[in-house]
Amino acid sequence: MATKPESDPEPDEGEKRSALFTRRNFLIGGGTAAGLIVAWAIWPRAYEPNISAAENEEIFGAYLKISKEGQITVVVPQSEMGQGVYTVLPQILADELGADWRTIAVEPAPINPLYANNFLAQQWAETLLPPGAAKLTEEEAASWAAKNIATRNDFIVTADSSSVPAYSDSFREAGAAARILLSKAAAEKWDVEWETCIAENGFISNGDNKMRFGELVASALKQDLPDPVPLRSDPVNNLVGQDIPRLDLPAKLDGSANFAGDVRLPDMVFASIRQGPIGATRLKSFNREGADKIIGLVDVVEHDQWIAAVATNWWAANDALDKMSPMFETTGLLPDSEKMDVALEEALEDGPGIRFASRGETQPAFDEYQTIRSRYQADAAVHAPMETRTAAADYKDDRLELWLATQAPASAVQAAAKAIGIATDRVTLYPMLAGGSFGRNLDSKIAAQVAIIAEKMGRPVQLMWSRAEEMMHDHYRAPAHARLDAATDKAGRIQALQVKIAAPASAREQSKRIVRGMDDIAAMRASIDEADVKAVEGADVQYNIANFSLDHHPAYIGAPTGNWRSNAHSYNAFFVESFIDELASKAGIEPLSYRMPMMTDRPRLARCLTGVAAMAGWDGGLDGSGMGLACHSMRGGHIAVIVSASRGEGGLRVSRISATADVGRIIHPEIARQQIEGGIVYGLAMALGSSTRFNRGIASARRLSDLALPRLSEIPSIQVEFIRSEEEPVGVEEIGVPAVAPAIANALFSATGVRFRQLPLFSEAS
């Protein structure tokens with residue numbers, strides 16, 4: 001459809017700044033933003049490791065312990081959710097140390113600012129910074145957020161594929177420091193220069209002299225480190241880049257790995273919970289007598305916003321809740337999908353847009369050339385990890401022990417402590433393995449709930465959410481609407497591109513929950529009308545288009561939103577790559593040939609495109625061929641995907657997905673491949689379902705069967721190839737997701753001539 005977009009004047013400098021920070025005050029501990037900066041700037045900055053060691057162990061800094069028998073324990077501050085972080089980070093350290101991989105063990109890190117994820121704080125800077133800090137330059141603001149918010153708030157957060165970029169240098173330096181201390185200890189015994197000693201396979205050697213690491217630990221700690229600590233130029237071990245055995249896999253295979261649901265304590269009872277509709281909800285009534293006949297029921301715990309039944313087993317507790325028929329009362333807005341759609345459309349058409357990217361001038365091109373406009377939208381998406389929200393707690397003598405899988409441990413401890421009115425240093429958290437997450441474990445609500453129940457019961461409690469509770473009280477991937485306008489010349493080439501995204505300020509809302517401890521309602525309300533750079537991530541196109549603009553139109557939808565595997569990249573890649581395919585079709589140009597001239601100065605992504613085309617036997621996406629192409633860049637990584645798909649009486653059939661990725665230097669090739677393959681399957685699930693609508697504050701999807709997820713027999717052949725690179729390694733956990741849905745949509749257009757513009761794909765076609 002040819003239309004003329006309305007004129008979008010370039011925002012002045014003040015408007016651009018308001019895109020980063022609003023003018024509201026940010027209050028923590030009673031201080032304004034300016035006072036907070038001054039106060040935190042003089043906060044003590046020296047921290048000591050608080051890891052524990054056995055009698056035969058010595059602590060080598062915050063990340064490493066070595067026993068006298070040579071056992072090496074690596075301390076990892078990131079949550080293991082299946083992404084392999086309990087292997088990859090120890091692999092980096094062990095490689096630099098010169099360790100024997102068979103001697104490596106791993107344990108989760110305690111809460112300590114030493115483990116703060118400063119890299120992620122830098123990425124989240126604009127969502128973490130107090131809006132009142134608008135007087136800072138962008139560079140000052142980002143630096144302040146990373147050095148102050150991250151450290152002072154124990155920002156030990158696992159998110160956004162940041163584990164390797166955030167911690168690889170620290171783990172490598174930790175390995176190097178221990179290697180040098182051990183080498184110095186050995187050199188002192190042998191009366192040689194330490195630089196001539198070699199660390200390899202758990203030994204320090206020099207000529208005929210050879211000693212195990214364990215024999216040197218006591219004397220090693222008496223040595224001094226050079227400044228700076230020299231790293232290996234060519235590691236002897238060469239563990240990095242090898243498919244060494246995963247440290248978490250054996251226990252998961254034999255069933256000995258412990259998740260929160262596996263915790264068993266003496267005299268433990270089990271709890272199930274019910275919560276009302278999304279919104280300002282309170283518990284109104286329940287029929288206690290209805291549950292009294294349930295065998296095993298121990299007690300009922302009431303809260304303003306929820307009710308829990310406690311029993312000798314979880315099934316009895318959940319059955320008791322059914323019999324009690326709790327009733328809730330909600331005031332104010334009840335999230336409803338039709339109202340959400342209206343809110344998103346109104347924000348897109350009439351709401352103020354905040355510009356986050358601008359190159360050249362778009363309006364002259366729109367005045368001169370033909371304009372093509374398309375609209376796209378994506379429904380809210382659920383996380384649906386295999387493990388529903390689960391936690392165990394034991395409260396006695398004014399102390400709380402908490403067993404929980406969490407991506408934000410400090411936030412979880414603060415939530416639990418606040419719920420029962422104790423200090424955070426009275427809470428001991430045992431970080432558990434996670435049975436999947438995809439961002440779900442950033443939510444600390446269950447920590448508060450289980451703390452309250454444990455205090456009331458006076459005995460160990462395990463709380464597990466039902467699948468329905470999990471899906472009805474998720475922090476959803478934000479729904480979004482988009483309008484894309486392109487000015488194309490007679491040859492069909494893009495002369496200007498204008499992208500507008502309407503979505504809630506999901507990342508700001510998430511940050512308020514994690515950093516400031518807000519509940520869902522407060523975080524949503526505090527984020528109304530706030531600009532969010534992460535809402536438009538992935539829409540700042542990877543193509544060399546001279547005249548380009550990208551605007552975020554904030555919208556309030558009344559449902560809590562948060563991190564979801566690949567976040568806004570998941571829907572923005574769908575919007576942009578589908579639209580690029582539309583433009584190629586209208587220009588009568590084969591999709592790959594249409595993209596390649598716009599890859600100037602994008603050599604890594606261009607290589608992915610040409611690589612996947614050769615691997616998949618790209619036929620140009622000819623009419624009826626059923627092949628579709630899409631590409632995407634995110635967080636320093638690049639990927640191109642080709643899908644072969646068709647639609648018939650049996651529905652969608654995807655027969656093959658091929659991908660070529662450039663993710664820099666790869667630490668563990670098999671884990672990288674697993675993560676990208678898993679991301680591709682996740683992207684396929686997003687294209688088909690994984691979403692929910694809302695009716696009067698209740699999500700329509702309450703079971704896994706409601707999500708239209710692909711079954712194992714429906715998973716196509718997946719082929720992944722990596723481009724060899726010596727660039728810095730990037731996270732691989734999410735990059736496989738974004739390009740899959742647009743590649744499927746483009747394949748379906750090739751096969752059927754129908755353009756799908758909504759996620760999930762079969763919710764609407766035009």
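Reader: Which element gives the most to the lining of the largest cavity?

Author: A cavity is a set of points on a 1 Å grid over the protein atoms alone where a 1.4 Å probe fits but cannot get out, and lining residues have an atom within 4 Å of a point. In this structure H21 gives the most to the lining of the largest cavity, with three residues, where helices (H or I, at least four residues) and strands (E, at least two) are DSSP runs numbered from the N terminus. The model is predicted, with local features needing pLDDT of at least 70, side-chain atom pairs counting only at pLDDT 80 or more, and totals for chains, interfaces and linings using all residues. Residues are numbered from 1 along each chain as its sequence is written, and side-chain values use heavy atoms, without hydrogens and water.

Reader: Which residues are the closest to the centre of the largest cavity?

Author: Among the nine cavities of 30 Å³ or more, the largest holds about 170 Å³ of space. It is lined by 19 residues, with Val88, Val164, Ile667, Val730 and Val732 the closest to its centre. Two or more lining residues come from each of helix H3 (85-97), helix H7 (163-190) and helix H21 (669-688).

Reader: Which strands stand at the edges of the open sheet, and why is one side of each left without a neighbour?

Author: Strands of a sheet pair through backbone hydrogen bonds, either parallel or antiparallel. Here four strands follow the order E23-E24-E25-E29 with mixed pairing, two strands being paired if DSSP finds at least two bridges between them. Strand E23 (627-634) and strand E29 (717-722) are at the edges, and each has a single partner strand, so one side of each lacks a neighbour in the sheet. E29 pairs with strand E25 (residues 651-662) in the parallel sense over six bridges, and Ile718 in E29 is the bridge partner of Ile657.

Definitions and conventions: 1 Å grid on protein atoms, 1.4 Å probe; cavity = no way out; pocket = protein on both sides within 12 Å on 5 of 7 lines; lining within 4 Å. Points joined across faces, edges and corners; volume = space filled by probe spheres on them.
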